[in-house]
Amino acid sequence: MKTRLLASSMLAIMTAACATTPDSAPMDVASSPPAPGVPEATSAFAELSTLPFHAPDFTALSDADYQPAIEEAIAIQIAEIEQIANNPEPPTFSNTIVAMERTGQVYSRATAAFDQKVSADINDTLAAADEALAPQRAALSDAIYLNPKLFARVKAIYDNRAAMSMIREDAMLLETTYADFVHNGALLSDAAKAELKQINGRLSELGAQIPQRITEGQADAALTVDTVEELSGLSEGQIAAAAAAAEEAGMPGKYVLAMTNTTSHPLLSQLNNRTTRERLYRANSTRNYAGDNETVDMIREVVELRTRVARIFGTPDYATWQMYDRMAKTPERAIGFMEEMVPALRATQEREAAAINAMIEREGGDFTVQPWDWPYYAEKIRQERYALDNEAIKQYFVVDRVLEDGVFFMANKLYGLTFEKRTDIPVYREGVSVYTVFDADGSELALFYFDPFQRDSKGGGAWMNNFVEQSHLLGLKPVIANTLNVAPPAAGQPALMTWDDVTTTFHEFGHALHGMFADQQYPSLSGTNTARDWVEFPSQFHEPFAAVPEVLQNYAKHWQTGETIPMEMVEAIDRASKFNQGYDFGELLTAQLLDMKWHSLAPGEAPSDVVGFEREALESLGLRTDLVPPRYYTPYFRHIFGHGYQAGYYAYTWTNMLAKDGYAWVEDNGGMTRANGDHIRATFLGQGHSNSYEQMYRDFTGHDPEVGPLLESLGLTD
C-alpha cells in the first residue's frame with residue numbers, strides 16, 4: 001500500500017526478539033490468488049500486464065471500463081486492509097506494516113493509467129468517471145487511516161520501536177506510516193473522524209471538478225482575431241497555426257490564439273499590436289472567474305473546508321496541518337524564507353519597470369507599462385542589451401533532438417544510461433514515444449514515455465508520473481512518463497521548442513531520473529514518493545545541464561541548415577538569464593505567497609468574497625502586483641486547488657535553493673563527470689525517502705543548504 005500517495009491524492013514487532021527485516025523475496029503478484037475474503041479482480045488490471053516492464057496495455061479496455069475497474073480495485077484493497085486489521089496474530093512489522101505495502105496493487109495499476117489519461121487526454125467519459133470516483137477514492141483513504149483496529153496494530157509497533165534493531169529503510173517506513181495515520185486522523189474522536197470523512201469526500205469531489213473546469217475554461221477562452229495585421233510580430237508558422245485553429249473551429253479566414261496555463265501568455269512578448277496584447281492578456285487572466293467554467297464558488301467552499309480541517313486537528317491553520325512531513329517543517333519557516341527576498345525583488349521590479357517606461361517614452365508612447373506590455377518591452381530590452389532573438393533561438397531546438405541528443409546525451413555522460421526507442425508498446429494517444437532505458441552495466445532499468453505537445457484535452461503545465469513504481473518487495477521496475485505542453489507545429493513546419501521548453505524538458509527528466517534510479521524495498525518510499533519541498537529538487541537540479549556546452553552543442557542544431565547554435569547566441573542566453581527577474585521570479589513568488597495567504601487562515605476565517613480576499617492578499621505582499629501578476633490567479637490555480645500543492649507551492653523556490661546550491665557543488669567538483677553522476681545517484685537521486693532529506697543533502701554536498709547561489713542566479717545580491 002502506498003500510504004503516502006493515498007494520504008495526498010485527489011492522491012510487528014512486539015518484543016526485541018521479533019524479526020525486523022521483512023521477507024526479501026519479491027511477491028509473484030501475477031500468479032498469487034486472492035486471499036480468502038478478498039474479492040477476485042476481473043478487470044484488465046487484475047494481473048500484471050504482460051507487456052515489457054508490466055507497462056499498462058491501453059488497448060485492453062475502453063474509456064468506459066476505467067470506472068468499474070477502479071471501483072472493483074477499491075473494494076479489493078478495502079478487503080485486504082480489513083484482513084490485516086483483523087489478523088488474530090500479534091502485530092509485527094511483517095504482518096502489519098509490510099503487509100500493508102503489499103495491498104492495493106490492482107488499484108495502483110488501474111489508477112496510474114486512469115490518472116494520466118484524465119490529465120493528458122481527457123474526454124467527457126473520463127471526466128464523468130473522475131468526478132464519480134473522487135469521493136470513492138477519498139473514502140478508500142479514510143477506510144485505511146481511520147480504521148481503529150488497523151491503527152492499533154500500527155501504534156503497537158511504533159510504540160515499541162525503541163526496543164527494535166531496524167535497518168534504515170524499515171525504520172523510515174514505520175516512522176512515515178505512523179505519521180501518515182496521525183496526520184489523517186487516527187487519533188481523533190469518533191465524532192471528529194465522522195466529520196473528517198465528510199469533509200474529505202467533498203474535498204475530493206471539488207478536487208476533481210476544479211481542474212476539469214480550469215481545463216475547459218482555458219480552451220473556451222481562446223482569442224479570435226479578425227485580421228493578420230493584428231498578429232504583427234508573430235512568425236509565419238505561428239500565424240499559420242492560428243489560422244488552422246480557426247479553420248478547425250469553423251471560422252475560416254480568422255485566427256485563433258489558444259490560452260496557456262499561466263497568467264502571462266508567451267505571445268505577449270511578440271505581438272506588436274497593443275490592443276491585441278491587452279485582449280489576449282485579459283482573456284487569459286480572467287478565465288474561470290465567471291460563466292460556465294467559473295470556479296470561484298467551489299474554491300470558496302474548498303477554503304472553508306480546509307479551515308475546518310485545521311479546527312478538527314487543533315492546528316492554527318491548514319498550512320500547519322499540511323506541512324507535517326515537509327523539509328521546511330513549518331509555514332513560518334517557508335514564509336520567512338520567501339519574505340526575505342521581497343525587498344530586493346521589489347527594488348528589481350521598480351528598476352525594470354522604469355527601464356520599460358523609458359523605452360516606451362523614447363518610442364513616443366503616451367502610456368506607462370501595464371501587465372500586457374511588460375513581456376513585450378522586456379523582450380525588446382533583452383534583444384537590445386543581449387542581442388537575443390527568441391524566435392531565432394527556437395530554430396535550433398527541434399523537439400526530438402532536444403530529447404534524444406540533449407536530455408539522453410546528458411544522462412549518458414553523467415549516469416551512463418542509454419536509450420532505445422520502441423514501437424511495440426501501446427500508448428494512450430498518438431504522438432507519445434516510448435523508450436527502454438538501460439543502466440550503465442547494460443541491464444534494463446526502466447521504460448520511459450514522452451508526450452510533448454499541447455492539445456485541448458491535456459491539462460496545462462508539465463509533469464512526470466509513474467505507470468509502474470519501482471519496488472524490490474513487489475519485484476517491479478519503473479515505468480515513467482514525462483508530459484509537456486509544447487506548442488504543436490503547423491502542417492509542414494518543424495516541431496520547435498522555446499528555451500523555456502528546453503529547460504522544462506530537462507526539468508521533467510530530472511523527475512524521471514528520480515523515479516528510474518529508485519532502489520527501494522517498499523513502494524511507499526520509492527523514487528519520487530517524497531515531500532513536496534524535496535521532490536522538485538532533483539528536477540530543478542537537472543535544468544542547468546541544458547546549457548552545459550558539451551550538451552548544448554550536441555542537440556542545438558538549426559532545423560534547416562544543421563548548423564550548431566552559435567556561441568554568441570549561447571553567451572547571450574547566459575547573459576540574459578538574470579534579466580527580467582522582477583517579472584519572471586516575481587510572478588512565481590507572488591503565486592507562492594498567495595498560496596500561503598489562502599492556507600494561513602485560522603479556523604472560522606474563510607472569506608465569503610474570494611475575489612476581494614485575493615485582491616487584498618496580493619496588495620499586502622509588498623510587490624508590484626499591479627504590474628507583475630501572479631503566475632496563477634486563484635480561479636485557475638490548479639496546483640493548490642486540484643493537484644495537491646496547497647501550502648506547498650513555495651516548494652519550487654525552496655527546492656530551487658537546493659538545486660542551485662547542489663549544482664554549485666557539481667561545478668566545484670569537475671562538472672558533468674561519471675564519478676559525479678555516481679555520487680549524485682548514491683547520495684540522493686536513488687534514495688527515494690529511505691533517509692531524511694537533511695541527511696541526504698548533507699551526504700551529497702557535505703553541508704547544509706545555502707541560499708547564496710539562488711540569490712546570485714536571480715540577480716538579487718548586491
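Start with the open sheet of five strands, ordered β3-β4-β5-β7-β6 with mixed pairing. Strands here are DSSP runs of E with at least two residues, helices are runs of H or I with at least four, and both are numbered from the N terminus. Two strands count as paired if DSSP finds at least two bridges between them. The model is predicted: local features need pLDDT of at least 70 and side-chain atom pairs pLDDT 80 or more, while totals for chains, interfaces and linings use all residues. Residues are numbered from 1 along each chain as its sequence is written, and side-chain values use heavy atoms, leaving out hydrogens and water.

Select β3 (418–422) and β6 (463–468) next. These strands stand at the edges with a single partner strand each, so one side of each has no neighbour in the sheet. On average, neighbouring strands of this sheet are turned by 25° against each other, direction ignored. Axes are lines fitted to C-alpha atoms, for helices over the stretch in contact, and angles between N-to-C directions run from 0 to 180 degrees.

Now walk across the sheet from β3. This strand pairs with β4 (residues 433–438) in the antiparallel sense over five bridges. Pick Arg422 and find Val434 of β4 opposite.

Two helices can be added to the view. Helix α17 (residues 399–415) packs on the sheet and touches β3, β4, β5 (444–453) and β7 (479–486); contact means heavy atoms within 4.5 Å. The direction of α17 makes about 150° with that of β5. Helix α18 (residues 499–516) also packs on the sheet, touching β3, β4, β5, β6 and β7, and its direction makes about 165° with that of β7.

Return to β4 and β5, which form a hairpin with five residues between them. In the turn, Gly442 has a positive phi of about 90°. The two strands pair in the antiparallel sense over six bridges, and Thr436 has Leu447 in β5 as its bridge partner.

Stay on β5: eight of its ten residues are buried, so the strand is largely enclosed by the rest of the structure. Buried means under 20% relative accessible area, with a 1.4 Å probe and protein chains only. On to β7, which pairs with β5 in the parallel sense over six bridges. Here Phe450 stands opposite Asn482 in β7.

Last, select helix α5 (residues 124–145), which has 22 residues. This helix bends by about 35° at Leu133, and Pro135 follows within four residues. The bend is the angle between axes fitted to the seven residues ending at a residue and the seven starting there.

Conventions
The expected span of a helix is 1.5 Å times one less than its number of residues. Buried means under 20% relative accessible area, exposed over 50%, partly exposed in between (1.4 Å probe, protein chains only).
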